[in-house]
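The following paragraphs lead the reader through one protein chain, from its overall make-up to its helix packing, its charged pairs and its surface. Please keep the sequence and the model in view while reading.

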Amino acid sequence: MRDEKEQSIDKKKPFSRKLIKKGIFYFVAISIITMVGIFLHTNTGNTLEVWKGIEIKFILIAIAIMLVDLLVGGWRNHIFARVLYPGISQWVSIKANLANIFMGSVTPSQSGGGLAQFYVFTKNGIKLGDAVTISFINWISTLTFFPISGMIAYSIIKDRIPTGFITYLAQFGLSIFATLFTVIMIALFIPSLLEWIITKVAALLGGINKKWKSKIEAAGTKAKTTLIDYRNNCTKLLKAKPHLLIFSFLMTIVLYFNKYLLAYVIVLALGVDADFWTIIAVQAIVYLLLYFAPTPGGSGIAELSLAGLMSGILADDYIATFTIMQRGFLVFVPAIIGSVIVLREMKKDISED
């Protein structure tokens, strides 16, 4: 049983040990169950031979790509952090990114990732408002990148893997991002319109429950104020350093292309000859779907999507091995490293109390 000091510390955080333990359990359980299912479904008795045939040189390249992924994710934050806080260590941004990966992996729809990133930033001297501004600008870059990469990927893959399932998935993912991007742009540049819409919704729901009306109207006013603050902070930063937005978008391209590239390297490690751009396009479609996946870290959905989409490229012998390797390099290992970062920061709170 935890002592009172630890319990009081947890109240100061956007997440608790109980939440972390629960999230880890669901993430691991869903991932294991799904992977076992994939192994059983695709097992042809040659899995051991596949593992024996893995080429180590490509595994080393995959490890290098994983490290680049972690560094670029941190650098994408650091280009803003160093402007707002000259002299701040790059390690702070890398730690924040790792914490984001870990908490995103153990919370539904990656909802805890941003909070963990803010937590590490504020623990290392960055004001919460500045941490939110950094994340918000990079999020806009991500929202811009995914529909573009998704459309390019769909144009590449639609004739190479002719299946209505892929078409549906691609269109579904693109529609979510296009809708969200439009809503965010309207909210940022016409916040009064957002408040008006929320007020109208509140009026309609008010006929059902008067308490709902007041709560929704209050939420609308708060959302408008918050969005105006974000917009003003972002505008102020980007006016002073307009090139940062371009850098953010370019680093977003590098970040995700590097993730997509890992899949091709894993295919090479398995000794399979496959078309480079088809592999890249499949990964782009998968990430388009996973960004808002409701399970912790996209567990279950990620494995099934990878297995399903790669089945048109790889033989059954290789599907399960490819899936676990891809998830291992891009999620499992980074999440373990991120867990160490988060727990160390939480221990500092206890020791400082």
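For the helix pairs discussed below, an axis is a line fitted to C-alpha atoms over the stretch in contact, and angles run from 0 to 180 degrees between N-to-C directions. The model is a predicted one. Its chain holds 14 helices and zero strands, so that from the N terminus on the order of elements is α-α-α-α-α-α-α-α-α-α-α-α-α-α. Of the 353 residues in the chain, 47% count as buried.

The packing of helices is a suitable place to begin. Two packed helices are described by the angle between their axes and the distance between the axes. Helix α7 (residues 128–157) packs with helix α12 (residues 276–290) at an angle of about 135°, and their axes are 8 Å apart. Angles over 145 degrees count as roughly antiparallel, and those that fall in none of the named ranges count as oblique. The helices α7 and α12 are therefore oblique to each other. The handedness of this crossing of α7 and α12 is left-handed.

Helix α12 takes part in a further pair, with α13. The axes of α12 and α13 come within 10 Å and cross at roughly 150°. This makes α12 roughly antiparallel to α13, and the crossing of these two helices is right-handed.

Elsewhere in the chain, helix α5 (residues 90–105) and helix α6 (residues 111–123) have axes that come within 7 Å and cross at roughly 150°. As a result of that angle, α5 is roughly antiparallel to α6. The crossing of α5 and α6 is right-handed.

Helix α13 deserves a second look for its surroundings. How many of its ten residues are buried in α13? Seven of the ten are buried, and the helix is mostly covered. The buried residues of α13 are A302, E303, S305, L306, A307, L309 and M310. One of these, E303, carries a charged side chain that leads to the next topic.

Side chains of opposite charge can pair when their charged atoms come close. Across the whole structure, a search finds two salt bridges. In one of them, the side chains of D69 and K259 meet, with an N to O distance of 2.8 Å. This pair links distant parts of the chain: D69 belongs to helix α4 (residues 56–84) and K259 to helix α11 (residues 243–269), 190 residues apart. Are the partners buried or exposed, with D69 at 2% relative accessibility and K259 at 11%? The cut-off for a buried residue is under 20% relative accessible area. D69 therefore counts as buried at 2%, and K259 likewise counts as buried at 11%.

The other salt bridge joins E303 to R327, whose closest N and O atoms are 3.1 Å apart. It too links distant parts of the chain, with E303 in helix α13 (residues 301–310) and R327 in helix α14 (residues 316–352), 24 residues apart. Both E303 and R327 are buried.

The surface offers another kind of feature. I186, F189, I190, L193, W196 and I197 make a nonpolar surface patch of about 560 Å². Helices α8 (164–189) and α9 (191–206) each supply at least two residues of this patch. The largest share, three residues, comes from α9. I190, by contrast, lies in the loop between α8 and α9. With a relative accessible area of 40%, I190 is partly exposed, because partly exposed residues lie between the limits of 20% and 50%.

Helix α10 (residues 210–240) closes the tour, with N232 as one of its residues. N232 counts as partly exposed at 40% relative accessibility. The C-alpha atoms of N232 and T133 are separated by 9.6 Å, although the two residues are 99 residues apart along the chain. L238 is also found in helix α10. In this case the relative accessible area is 19%, and L238 is buried. L238 and F80 are 158 residues apart in sequence, yet their C-alpha atoms are 9.7 Å apart in space.

Notes: Residues numbered from 1 in each chain as written. Predicted model: local features only at pLDDT ≥ 70, side-chain atom pairs only at ≥ 80, totals over all residues. Heavy atoms only, no water. Salt bridge = Lys/Arg side-chain N within 4 Å of Asp/Glu carboxyl O. Helix = DSSP H or I, 4+ residues; strand = E, 2+ residues; numbered from the N terminus. Buried < 20%, exposed > 50% of the residue type's maximum accessible area, 1.4 Å probe, protein only. Patch = residues over 30% accessible without salt bridge, like charges linked within 9 Å, V, L, I, M, F, W, Y side chains within 5 Å. Areas by Shrake-Rupley, 256 points an atom, 1.4 Å probe, with all protein chains shown as cover. Parallel < 35°, antiparallel > 145°, perpendicular 65-115°, else oblique. Left-handed = near helix turned anticlockwise from the far one by under 90°.
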